[in-house]
Amino acid sequence: MTTTVTDAPVDLGAPLRSDHLHRAAAPLPVLVSPAVRERVDRGREYLRAVLADDERPVYGAKTGFGALIGFAGREDEADQCDNTLAHLGAGQGPDLPADIARAALLVRAWSLAQGLSGVSGHVVDGLAAMFATTFVPAIPRYGSVGASGDLIPLAYATQALRGRGHAYVDGERMPARDALDRAGLTPLTLDGRDALALVNGTSVTTAATALALDGVRASHRAIQDLTCLLVDVLGADPGFLDPRLVSAYGHPGAATVADRMRATLVGTIPTGERALQEPYSIRCSPQLLGAAEDALRYVDGVVAADLGGVSDNPLFFPGDDLVAHGGNFFGQPAAFAADVLAMVTASLGNLAERQLDLLVDPARNTGLPPMLAAGPGRQHGLQGVQLATTAFVAEIRRAAVPASTQSLPTNLHNQDVVPFGTQAALRSYDLAELLRLLCGSLALGLRQAVHVGGRRPTSPRCAALLDALSDAIAPVDPDRPLDADVRVAADLVTSGRY
C-alpha cells in the first residue's frame, strides 16, 4: 500500500481547485470534516424518510433508469445497485490516463460531500481513503455522451471500487479486487441510490476540461515568453507592444499580454536590420495571444463553476422537504468551454509553428542558415522538427471540430439532446499535449538559432530563458534525433522555471 502523502489535505468542505486535481494524480490526504459528515448524514436521513413514503417517487431508487423510468426497479437495495451498474458496462477503448481518472473521482467525491445526493457516509469515506493510495480504476475512454453525467466511465470507476473489473496500483493493471487488497482498501458496499449518485454526474468531463485548461494556460504563457525571445534573438523592434497602441485596440486580454511581454523585453535593443513591420506572427502576437487570454478567462469561469457545483439527479433538500428532479448532470457548459479550448489550442499551435517556420527560413530570419543547420547540406538542423510541427498542427486542426454541435438523440429519445462534453474535454486534453510539444519545438529552434549565429538576447529575462534552454539542451551540431530534446524543452518552458 502506498501512503506517502506530503501536502496539506484536500478538505471536501472547502472549495475545490484545479491544483487539487493535479495533486490527485499522486497519493494525497482527503479530509471528511465533521461538517461534511453532518450534511451527508442529514441528506441520507432525508432520503430514507422519502423512500419510506410510498406516495413520493424517487428516480433511480424506486424506478428503472433512463428511458425505463416508467418501470419499477428492484426491491432489494443491493440488487438495485447491480441493476444500476451492470448495464453500463459497455465502454470501449484504451483506459483513461490515471490523472484524469483520479481527478474525476475527486470531483465526484466533492460533489457527493455537499450532502445533496443522499449517499451513505461510507461512500464519501471510501473515496477519501482511496486517495491516500495509488489505486486508479481502469476506465475505458469511449462510451459517454456527457448528458446524464458520465454514466459509463463512472460506472467502471464505481465497479472497480466495489472490486469488479480492473484497476491499477503503483501503475500495474490487475483485477480490481486484487488492486483493492494491495492498496489496503475495503470494497465499497452500495445501494441503488449510492450507485446512481456515483455515476450520475459530469465528473470525468469536468476533470479533463480542468486539466486541459491548465495545460493550455501553461503553453499560452510559454508562447508569450518564446515570442519575446524570438523578437530579441532577431533584433526586432518591440514597438508593436506600445501600451498606447494596444490600449487603443480595446481588448483587455491584449492589454494583459502586451504588459507581460513588455516586461519580459525590458532591456532589449533592436538591431535596426529588420523591416519596418514584422510578419503577423510577431507583430500581431499580442492581439492573437490576447484574444486567447480573453477566451481562456471564459473557460476559467466555467471550470470554476463546475468545480463548485453539484452534478447529480435527483437532488435532495431536507430543509425544504424537496426532492428535485432535473438536469444538473448535463455537461453543456464544459462542452462549450472545451470546444473553446480546442479553438484556442489550434490558434496558439499555428502561431508557434509559424514562428518556427520564420526562424528556420533564411529569407526571413536575418541571415541565419536554412533550417538552422550548423553546416547546411552536411547537416539538417531543425528540418525534421519543423516537419513534425506541421504534422502536429494538422492533427490539432483535424480534431478541433466542435463536439458540442454534434448532438445525437439516444436512450429512446429520453436523451434527445446531448452535449458531448466528454468528447470535447478528452479531445482538448489530448490537444493540450500537442500544443506543449509545439512550444518545445519552438524553444529548441530558438536555442539552436543562437548557436548558428543569432545574437545573444539583450533583455535579461530573455537571456535567462536562453541560458536555461542552453543548460538543458546541447546544440544540434552534429545532427541527432531530437524527439527527446523537444520534450525536455517543452517541460522547461511550460513549467515557467527559468
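**View 1. Thr-389, a buried residue in helix H15.** In this predicted model, Thr-389 has a relative accessibility of just 1%, so Thr-389 counts as buried. The helix that carries Thr-389 is H15, covering residues 383–399. Who sits around Thr-389? Setting aside residues up to four places away in sequence, Thr-389 touches Glu-353, Leu-356, Leu-438 and Ser-441.

**View 2. Leu-21 and the largest nonpolar core.** This core counts 148 residues, and the members that touch the most other members are Leu-12, Leu-21, Leu-106, Phe-135 and Val-493. Helix H9 (residues 203–234) gives the core its largest share, 17 residues. Two domains feed in as well: domain 1 (10–200) and domain 2 (209–310 + 327–495) each supply at least three residues. Zoom in on Leu-21 and you'll find contacts with Leu-16, Ala-103, Leu-106, Val-107, Ala-207, Ala-210, Leu-211 and Leu-307, again leaving out residues up to four places away in sequence. As background, nonpolar side chains in soluble globular proteins tend to be buried together.

**View 3. A second, separate core.** Apart from the core around Leu-21, there is another one made of 7 residues. Tyr-46, Leu-47, Val-58 and Ala-61 are among them.

**View 4. Glu-293 and Arg-297, a salt bridge within helix H13.** The two side chains meet with an N to O distance of 2.8 Å. Both residues belong to H13 (residues 285–307), and they sit 4 residues apart, which is about one turn of the helix. Is Glu-293 buried or exposed? Glu-293 comes out at 10% relative accessibility, under the 20% limit, so Glu-293 counts as buried. Arg-297, on the other hand, is partly exposed, its relative accessible area being 34%.

**View 5. Asp-467 and Arg-456, a salt bridge between a helix and a loop.** Here too the side chains form a salt bridge at 2.8 Å, N to O. Asp-467 lies in helix H17 (residues 460–472), while Arg-456 is in the loop between helix H16 (421–451) and H17, so this pair ties together parts that are 11 residues apart in sequence. Asp-467 is partly exposed at 32% relative accessibility. Arg-456 is also partly exposed, with a relative accessible area of 45%.

**View 6. Asp-485 with Arg-480, and a salt-bridge network.** Asp-485 and Arg-480 pair up through their side chains, with 3.2 Å from N to O. How accessible is each partner? Asp-485 has a relative accessible area of 13% and is buried, whereas Arg-480 reaches 27% relative accessibility and counts as partly exposed. Elsewhere, shared partners link several salt bridges into one network, made up of Arg-217, Glu-293, Asp-294, Arg-297 and Asp-300. The Glu-293 and Arg-297 bridge from View 4 joins two members of that network. Across the model, the salt-bridge count comes to 30.

**View 7. The hairpin of strands S6 and S7.** How many bridges join strand S6 to strand S7? There are 4, and the two strands, S6 (residues 166–169) and S7 (residues 172–175), run antiparallel. Follow Tyr-168 across to S7 and you land on its bridge partner, Arg-173. The hairpin leaves 2 residues between S6 and S7. In that turn, look for Asp-170, which has a positive phi of about 55°.

Technical notes
Residues are numbered from 1 along each chain as its sequence is written. This is a predicted model: local features need pLDDT of at least 70, side-chain atom pairs count only at pLDDT 80 or more; totals for chains, interfaces and linings use all residues. Side-chain values use heavy atoms; hydrogens and water are left out. Buried means under 20% relative accessible area, exposed over 50%, partly exposed in between (1.4 Å probe, protein chains only). Two strands pair if DSSP finds at least two bridges between them. A nonpolar core is a set of buried Ala, Val, Leu, Ile, Met, Phe, Trp, Tyr and Cys residues joined through side-chain atoms within 4.5 Å. Domain bounds come from an automatic or database domain assignment. Contact means heavy atoms within 4.5 Å.
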